[in-house]
Amino acid sequence: MVYTLCKYPDGTEVVFSDIRKNENGEECIRITFERPMDYGFDTIVFELPSYEIVLEDGHFTEKEKMEFKEIVERGAAFFFKYARQGGFKLA
């Protein structure tokens, strides 16, 4: 299951997964930033708790990647909290 966090004015959508187990058996969450383009999508996926990029496809700039990583790092507790609760309700 994935949960939408937000959508930016340029069309970039941020979603996060439910809690899963990685190959080491530890709990993890994937946070995806995806932007529609003429040819498909720009996509980058981070995994918590490692903060590593596990998939990258497209043309996000280095500045965008750094901004996304900062969002993931600052929001780690948030992502785990709401993944455990099954997402959150938007008003």
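Two strands pair if DSSP finds at least two bridges between them, and strands, like helices, are DSSP runs numbered from the N terminus, with at least two residues for a strand (E) and at least four for a helix (H or I). With that in hand, select strands E5 and E6 (residues 52-57), which pair in the antiparallel sense over five bridges. This is a predicted model, in which local features need pLDDT of at least 70 and side-chain atom pairs count only at pLDDT 80 or more, whereas totals for chains, interfaces and linings use all residues. Residues are numbered from 1 along each chain as its sequence is written, and side-chain values use heavy atoms, with hydrogens and water left out.

**The hairpin**

Stay with E5 and E6, which form a hairpin with three residues between them, and pick out Tyr51 in the turn, where phi is positive at about 65 degrees. Beside the turn, show Glu47, whose bridge partner in E6 is Glu52.

Move next to Gly40, which also lies in strand E5. Gly40 is partly exposed, at a relative accessible area of 22%, where partly exposed covers the range between buried (under 20% relative accessible area) and exposed (over 50%), computed with a 1.4 Å probe on protein chains only. A C-alpha to C-alpha distance drawn from Gly40 to Gly58 should read 8.6 Å, for a separation of 18 residues in sequence.

Thr43 is a further stop in strand E5. What does the side chain of Thr43 make a polar contact with? The partner is the side chain of Glu34, at 3.1 Å; a polar contact is a pair of N or O atoms within 3.5 Å, of which, within protein, one must be able to donate a hydrogen and the other to accept it, and residues adjacent in sequence count only if both atoms are side-chain atoms. Thr43 has a relative accessibility of 9% and therefore counts as buried. Leaving aside residues up to four places away in sequence, Thr43 touches Thr32, Phe33, Glu34, Leu55, Glu56, Asp57 and Phe60, contact meaning heavy atoms within 4.5 Å.

**The nonpolar core**

Now select Phe16, Ile29, Ile31, Phe33 and Leu48, the residues with the most contacts inside the largest nonpolar core, which has 17 residues. Such a core is a set of buried Ala, Val, Leu, Ile, Met, Phe, Trp, Tyr and Cys residues joined through side-chain atoms within 4.5 Å. Two or more residues each are given to this core by strand E2 (13-17), strand E4 (27-37), strand E5 (40-48), helix H1 (62-74) and helix H2 (76-84), and the largest share, five residues, comes from H2.

Centre the view on Leu48, which, not counting residues up to four places away in sequence, touches Glu27, Cys28, Ile29, Ile31, Val72, Ala76, Phe79 and Phe80. Of these neighbours, Cys28 is buried, with a relative accessible area of 4%.

**Ser17 in strand E2**

Go then to Ser17, placed in strand E2, which counts as buried at 2% relative accessibility. The C-alpha atoms of Ser17 and Val2 are separated by 4.2 Å, although their positions lie 15 residues apart along the chain. Beyond the four-place sequence window, Ser17 touches Met1, Val2, Tyr3, Ile29, Arg30 and Ala83.

**The aromatic cluster**

Finally, select Tyr3, Phe16, Phe78, Phe79 and Tyr82, which form one aromatic cluster. Rings of Phe, Tyr and Trp (its six-membered ring) pair if their centres lie within 6.5 Å, with planes under 30 degrees apart counted as stacked, over 60 as edge-to-face and the rest as tilted; by this rule the count comes to eight aromatic pairs. Phe78 and Phe79 form an edge-to-face pair, 5.5 Å centre to centre with 75 degrees between the planes. Phe79 is buried at 1% relative accessibility, whereas Phe78 is partly exposed at 30%. The rings of Phe78 and Tyr82 have centres 4.8 Å apart and planes at 50 degrees, so this pair is tilted; being four residues apart in helix H2, Phe78 and Tyr82 are separated by about one helical turn.
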